[in-house]
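The following exercises are intended to be worked through with the sequence and the 3D structure at hand. Please attempt each task before reading its solution.

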Amino acid sequence: MRNGNGKPDLSAVATLEDALEMVPEETLPVVRRETAAPHSDRLAEIVKLLLMELGVDVANQHFRETPERVARFYREFTSGFCVRPETILKTFRSEARELVVVSAIDFFSLCPHHLLVYGGRIHFGYIPNGQIVGVSKIPRLVHALAARPIVQEELVSSIADAFMSVVKPSGCIVKAIAKHDCVGVRGVHCPGVSMTTVTKRGIFEQERIHVEELEVCRKKGREQ
């Protein structure tokens, strides 16, 4: 939508800061990653030593292949260290200047404090400025940057910064709502607790606008 000066009507943009109060699903869906992990490496031997130190019988049928499995898991969940956003975000020239929302992006990552999994959903919005991006590329960027030990606060910032640097929109906003195993299965043992983080760039930082358009987009995406 445009105002009388031909500029984007900022009243049609929601910030997500006071909206999208969605609690993650009880059972989080599977996020499929495309990066293959090595079949064997030194990490498997390290995992085997860890199991032995814990008193596990690594000759037991249930543990014989565990070191390799765990090594593949950690290789997969740390593949994001080598991400190049410019190879993920394919852009197209466009005159569009209205809000674009990609909602309910499932993701998983590793807590760097305990190397336990956390995951939930990310909602992403941006205002184009001469370029738009293929819709599938936004979930790909999220999955790629989440595949490493990183706190949730920094994950949303890294997604926003990567998108701004490649696509150069007028602004973008990222909101993540996630549950953390380090809170649910250890320590305070509160599996129902979820954490929300929001980061804003560009036009979303400069203006504080509270309207319903983005919330409507998110709800429609969830119902489909």
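Four exercises with worked solutions follow.

This is a predicted model, in which local features need pLDDT of at least 70, side-chain atom pairs count only at pLDDT 80 or more, and totals for chains, interfaces and linings use all residues. Residues are numbered from 1 along each chain as its sequence is written, and side-chain values use heavy atoms, with hydrogens and water left out.

**Exercise 1. The nonpolar core**

Task: Determine which residues have the most contacts inside the largest nonpolar core, and which element supplies its largest share.

Solution. Step 1: a nonpolar core is a set of buried Ala, Val, Leu, Ile, Met, Phe, Trp, Tyr and Cys residues joined through side-chain atoms within 4.5 Å. Buried means under 20% relative accessible area, exposed over 50%, and partly exposed in between, with a 1.4 Å probe and protein chains only.

Step 2: the largest such core has 31 residues, and Phe107, Phe124, Ile159 and Phe163 have the most contacts inside it. At least two residues of this core come from each of strand 2, strand 3, helix 4 (137-146), helix 5 (152-167) and strand 5 (171-180). Helices (H or I, at least four residues) and strands (E, at least two) are DSSP runs, numbered from the N terminus. Helix 5 provides the largest share of the core, eight residues.

Step 3: contact means heavy atoms within 4.5 Å. Beyond its neighbours within four places in sequence, Phe163 touches residues including Leu89, Phe124, Ile138, Leu141 and Cys172.

**Exercise 2. Helix 5**

Task: Compare the span of helix 5 with the expected value, and list its buried residues.

Solution. Step 1: the expected span is 1.5 Å times one less than the number of residues. Helix 5 has 16 residues and reaches 23 Å from its first C-alpha to its last, close to the expected 22 Å.

Step 2: the buried residues of helix 5 are Gln152, Leu155, Val156, Ser158, Ile159, Ala160, Ala162, Phe163, Val166 and Val167.

Step 3: just after helix 5, Lys168 adopts a positive phi of about 55 degrees.

**Exercise 3. An aromatic pair**

Task: Classify the geometry of the ring pair Phe107 and Tyr118, and state where each residue lies.

Solution. Step 1: rings of Phe, Tyr and Trp (its six-membered ring) pair if their centres lie within 6.5 Å; planes under 30 degrees apart count as stacked, over 60 as edge-to-face and the rest as tilted. Six aromatic pairs are found in the whole structure.

Step 2: the ring centres of Phe107 and Tyr118 are 6.1 Å apart and their planes stand at 80 degrees, so the pair is edge-to-face.

Step 3: Phe107 belongs to strand 2 and Tyr118 to strand 3, so the pair ties together parts that are 11 residues apart in sequence. Phe107 is buried at a relative accessible area of 0%, and Tyr118 is buried at 1%.

**Exercise 4. Ala104 and His123**

Task: Describe the backbone of Ala104, and identify its contact with the side chain of His123.

Solution. Step 1: Ala104, in strand 2 (residues 100-110), has a positive phi of about 55 degrees although it is not a glycine. With a relative accessible area of 24%, Ala104 is partly exposed.

Step 2: His123 sits in strand 3 (residues 117-127) and counts as buried because its relative accessibility is 1%.

Step 3: the side chain of His123 reaches the backbone nitrogen of Ala104 at 3.1 Å.

Technical notes:
Polar contact = N/O pair within 3.5 Å; in protein donor to acceptor, adjacent residues only side chain to side chain.
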